[in-house]
Amino acid sequence: HVSPRPDGHAPRTFAALWRSVSRPQLRWVCLALLCVDFPQNVGVSLIGPFLLDVGLTQPQVGTVSGVLGLSAALGGAMVAGVVASRVPRARALVGGALVQLVPLALLGWRAESRPMPVAMAAVLVIATYAAAGAVNVILNAWLMDQTSPAQPTTDYAVMSAAHTATYVAADPVAGALAGALGFRHYFLGTSAAAVLGVAATVWVIGHARRATDASLDARPTAAPGCAHP
C-alpha cells in the first residue's frame, strides 16, 4: 500500500491526463493513427513469416529483415527528419502516407514468386522498412504539433500511448488476415487500405488543425500591463 503524497501530486497528474484525453485533438489523432499508421503496421507485421514462405532460409531472413530492413528504417527516419523540418508537417504526412502504400503493393504483386530471389526480397524489404521509418518520424512530428502549450509533455505521452496501441493491435489483425486471404491478398488489401487512408488523412488533418486553432483562440489572454506568473 502506498499512501497518497501530501502535496497532491497524484490528483494533479490524473487531472493533467484527463485534460489530455478530453482535448478534441485526441480523437483526430486517433483517427490519423488508424488512417496512416495502422495499415502500415498490419502490412509490416508479417514480413518475417512472408520471407520464410517465399523460400528464404532463417539466416537469410535475419540478414534481409534484421540487418538490411532495420538499416533502411534508420535511413528513412533520417531522411524524414530533414523533410519534416523543411516541409509543412501536414503535407509531409500525406506524402508519407502515399509513399508507404507502394512497397505494400509491390509485396502483394510479388507474393506468388516462389522461390523469391534473395536480391528481390532485399529490395522489397528495404523499401518497406524505409517507408515505415520515414512515416513514423513524420507522424511523431505531427503529433508534437497537436500538443497544447499548457502541458505538451503529458499530451504527447497520451498520443504516443495511442500510437503504440496501433502496433499492439496490428499483429493479431495481420495474422487473421494473412491466414484467411493468403499473403498476396493480405498485402494488396493493406495497400488498398492505405489508399483509403490517404484520403481520410487529408480530412482528419483539416479537422485537427481547426480543433487546434479553436483551442488556441479559447486561451485566456493577459490584461495589458499584467505579466504571467
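Let me start with helix α2, residues 24-45, and helix α6, residues 118-145, which in this predicted model pack at an angle of about 165°, their axes lying 11 Å apart. With an angle over 145 counting as roughly antiparallel, that makes α2 roughly antiparallel to α6, and the crossing of the two helices is left-handed. If you want to follow the contact on the screen, the α2 side is made up of Trp28, Val29, Ala32, Leu33, Val36, Asp37, Gln40 and Val44, and these meet Thr128, Tyr129, Ala131, Ala132, Val135, Leu139, Trp142 and Leu143 on the α6 side. Sorted by character, the residues of this contact come out as 13 nonpolar, two polar and one charged.

Staying with α6, I would like to turn to its other partner in this talk, helix α5, residues 89-109, whose axis comes within 9 Å of that of α6 and crosses at roughly 155°. These two helices are therefore also roughly antiparallel to each other, and their crossing, too, is left-handed. Here α5 contributes Arg89, Ala92, Leu93, Gly96, Ala97, Val99, Gln100, Pro103, Leu106 and Leu107, while α6 contributes Leu124, Ala127, Thr128, Ala131, Val135, Ile138, Leu139, Ala141, Trp142 and Asp145. This contact divides into 15 nonpolar residues, three polar and two charged. You may notice that some α6 residues, including Thr128, Val135 and Trp142, are listed in the contact with α2 and again in the contact with α5.

What lies in the loop between α5 and α6? Pro115 has its place there, and the peptide bond leading into that proline from Arg114 is cis in the model, with omega near -10°.

Going back to α2, one residue of that helix deserves a separate word, namely Gln25. Is Gln25 buried or exposed? Its relative accessibility is 0%, so Gln25 counts as buried. The C-alpha atom of Gln25 is separated by 9.4 Å from that of Ser148, although the two residues are 123 apart along the chain.

Finally, a word on confidence. The mean pLDDT of the protein chain is 83, with 87% of its residues at 70 or more. In the protein chain, confidence is highest in helix α4, residues 58-86, at a mean of 94, and lowest in helix α1, residues 9-22, at 75. Over residues 220-229, however, pLDDT stays under 50, and the model has one contact beyond four places in sequence for that stretch. Where pLDDT is low, the predicted coordinates should not be read in detail.

Definitions and conventions: Residues numbered from 1 in each chain as written. Predicted model: local features only at pLDDT ≥ 70, side-chain atom pairs only at ≥ 80, totals over all residues. Heavy atoms only, no water. pLDDT = per-residue confidence, 0-100. Helix = DSSP H or I, 4+ residues; strand = E, 2+ residues; numbered from the N terminus. Contact = heavy atoms within 4.5 Å. Axes fitted to C-alpha atoms, helices over the stretch in contact; angles between N-to-C directions. Parallel < 35°, antiparallel > 145°, perpendicular 65-115°, else oblique. Left-handed = near helix turned anticlockwise from the far one by under 90°. Nonpolar A, V, L, I, M, F, W, Y, C, P; charged D, E, K, R; others polar. Buried < 20%, exposed > 50% of the residue type's maximum accessible area, 1.4 Å probe, protein only.
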